[in-house]
Structures are given as structure tokens and as C-alpha cells.
Amino acid sequence: MGSASLIASPVYASPDLRCSRRRRSPAIFKLLRSSCRCDAGDGSTTATGRVDNRISESENGYHRLSAVEQLESVSSMTGGAFDFKGATTSLTDKPLPYPKTVTLVRHGLSTWNEESRVQGSSNLSVLTEVGIQQAERCRKALSNVHFDQCFASPISRAKSTAEVMWVEREEPLVFLDSLKEAHLFFLEGMTNAEAKKKHPELYHSWREDPSNFHVDGVYPIRRLWGTAREAWREILAAQGESFLVVTHKSILRALICTALGLGPERFRAIDVNNGGISTFSFNRRGEAMLQSLNLTAHMYSDHTYQF
């Protein structure tokens, strides 16, 4: 696909890519030539020739660009993104000292999951035996990944999942109130069938239009977006480059959506299974790139991940 893209889209020499032959970095041009070499289908290397022409003009120019600027300026020619500048808005108050990776995990199956009850912020739902097994599968699936810290919701089902996953790590677990689940008032503890029967309008709003679901003027999902941004700030401000986060479905939806620049009206556009794993990378500007969403291969096999 990269070759076809290069052939279909001619590359023209740009004065913005000029650099001194004397000062240029040979490694940069070697990388560009090797990255952009492709077969035009008739035995020729048309796309490579275009890249070489552009590099030749750059070598004969007079303006020097840094290695990073050179790579950024030709990223479209290599068929891949060198960076994701401007892809989303920053989630931090200040630039990060280095890029970071955050792996998000939903807790294992709980008693109220199994009974189809509205959980919300209640602490009465605990992991089932299946849920404990799912947490163990998550631990094994990520056993080859280094994490500097683990952040978790202090609510029982997420706390227990994190304890299983972090059992062999030296660093202490860090519990954040900003990772707690949304508070759903008197619906919590009801089965979905009961809630639908006793509070039909309210339940319909929660299921079909969650961003406008409210009780006495309080909008739980809109509040959750603010909580998610607070959680991101706390996590990304921590020391380290790689973090594990264990929490609940609704706050995970909010974390994912806020990282992607999506509003609370997109709440149900994202789904995360029990034990589902999602991963974000962050550049130094605090902008997010989604690397994986709701991975579940480890639930059905001995698959391990490398991030």
C-alpha cells in the first residue's frame, strides 16, 4: 500500500527542504532512501527516483534544517506519520519532559456485571471467580511490558483487578479518586430491567442520550469528562514513561474520548469489555495517539502484548 501511494502521488522538489551538503546528516538521507524504495511494477524504481531527486536538490541548497524537521517534512513520502503534531489538543498543563505511554484496562467481571445491575460508583459489586481469572489473564498478557507506575480506581472491583495485575511489581499501587466510576444516583444496584420499569424516562435517557441524562440538574456524564481530564493530568504528571491504569467502563470511555478530542455526546461510541486493554502514546506536547482499543485476544488465548 505504501508503494502504491508513492507512485500515485508524485513528489516535487521543495525549497523548504534545502540544506547544506557540508552540514547535512548522511544518516537522514540514508534513512529516507531506504524508507522510500519501492517497485513501480515494471522493474523500475520510479518513486525512489523522485525521492532521490528531492534529496539531491536538498543537498545542493543552502538552508539547513534539523534532522527532525527534515523527517517531518518528508513523512508523507515515506507512507507513515513521523509525529502526530496537532492531531488532538494537549491534555497537560505544561510540556512533558519526554513522550509517555499509558495502557488502560477495564476491571474483570463483577457480581453486578453478572447480574446485569447498574453499578455506577457503588462499592458493593466485587470480582467474581471469572473476573479474577480475567485479571490474571491481563497480568500475563502484559507481563513483558515495563510499567513505571500503576494507577487504579479505589472502588473494589477495579482495586482488586489492579492488585492481581500488579502482584509481582515492586512499585506500590496508586489509587486516584479521579478514576472512580460515574455516580448514577438511585439507579445504582437496580437491575436494568427494574430501572427500566420503575424509572422509564430516566432509564431511557441514560441508555439512549447519556450526555443529557441528569438527576436534579446534575449531569453525571458531563461531569465525567471533567474528571477524565483531571485523571489525565495526574497520570501524565507522574514520574516515568510507561503507566498502567485500571478502572471502570464509563470513566474509560471518558478517558478515551477526551484523549481523542470527542465530547460527552460520543459516550457510547466507545465500548470496552471486561479485561479489555487500550493503549495511548503521548508526545511531549501532551497530545494523544490511540495505539490500540479494547484488545481482548488474551481472554481467549495465551497471547502476550509488546507495546
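Leaving aside neighbours within four places in sequence, Ser292 is in contact with Ile277, Ser278, Thr279 and Phe307. This residue is found in strand β6, and Ser292 is buried, with a relative accessible area of 10%. The model in which these contacts occur is a predicted one. Its chain has eleven helices and six strands, and 46% of the 307 residues count as buried. Among the contacts in the chain with a separation of 6 or more, 70% are accounted for by residues 24 or more positions apart.

The six strands form an open sheet of mixed pairing, in the order β3-β2-β4-β1-β5-β6. Strands β3 (174-175) and β6 (288-295) stand at the edges with a single partner strand each, so one side of each is left without a neighbour in the sheet. Strand β1 is joined to β4 (residues 242-247) by six bridges, and the two strands run parallel. Within this pairing, Thr247 in β4 is the bridge partner of Arg106.

Strand β4 is also joined to β2, again in the parallel sense, by four bridges. Here the bridge partner of Gln149 is Phe243 in β4. On the other pairing of β2, two bridges connect this strand to β3, likewise in parallel, and Phe151 stands opposite Val174 in β3. Strand β2 is covered on both faces: Gln149 and Phe151 are buried on one side, and Cys150 and Ala152 are buried on the other.

Helices pack against these strands. Helix α10 (residues 220-236) lies across β1, β2 (149-152), β4 and β5 (277-282), and runs at about 130 degrees to β1. Helix α6 comprises the 13 residues 129-141; at 1.5 Å a residue, a span of 18 Å is expected, and the end C-alpha atoms of the helix are 18 Å apart, which agrees. Buried positions in α6 are Gly131, Gln134, Ala135, Cys138, Arg139 and Ala141. Viewed down the axis of α6, the buried residues fall within an arc of 170 degrees, so they line one face of the helix. These buried residues pack against β1 (100-106) and α7 (156-165). On the other side of α6, by contrast, Glu129 and Gln133 are exposed.

Aromatic side chains provide further links between segments. A search of the whole structure finds eight aromatic pairs. One of these is formed by Phe147 and Trp166, which are tilted, with 6.5 Å from centre to centre and 45 degrees between the planes. Phe147 lies in the loop between α6 and β2, and Trp166 in the loop between α7 and β3, so the pair ties together parts that are 19 residues apart in sequence. Both rings belong to buried residues: the relative accessible area is 1% for Phe147 and 4% for Trp166.

In another pair, the rings of Trp225 and Phe267 have centres 6.4 Å apart and planes at 55 degrees, so this pair is tilted. Distant parts of the chain are linked by this pair, with Trp225 in helix α10 and Phe267 in the loop between α11 (249-260) and β5, 42 residues apart. Trp225 and Phe267 are both buried. Through ring pairs, these two residues are linked with Trp206 and Phe213 into a cluster.

A further long-range relationship involves Ser90, which lies in the loop between α4 (67-73) and β1. The relative accessibility of Ser90 is 37%, a value above the 20% limit for buried residues but not over the 50% required for exposed ones; Ser90 therefore counts as partly exposed. Residues up to four places away in sequence not being counted, Ser90 touches Arg285, Gly286 and Glu287. Ser90 and Phe282 are 192 residues apart in sequence, whereas their C-alpha atoms are 9.2 Å apart in space.

Note on methods: Residues numbered from 1 in each chain as written. Predicted model: local features only at pLDDT ≥ 70, side-chain atom pairs only at ≥ 80, totals over all residues. Heavy atoms only, no water. Expected span 1.5 Å × (residues − 1). Buried < 20%, exposed > 50% of the residue type's maximum accessible area, 1.4 Å probe, protein only. Arc of directions from axis to C-beta. Contact = heavy atoms within 4.5 Å. Pairing = 2+ DSSP bridges. Axes fitted to C-alpha atoms, helices over the stretch in contact; angles between N-to-C directions. Phe/Tyr/Trp six-rings, centres within 6.5 Å; stacked < 30°, edge-to-face > 60°.
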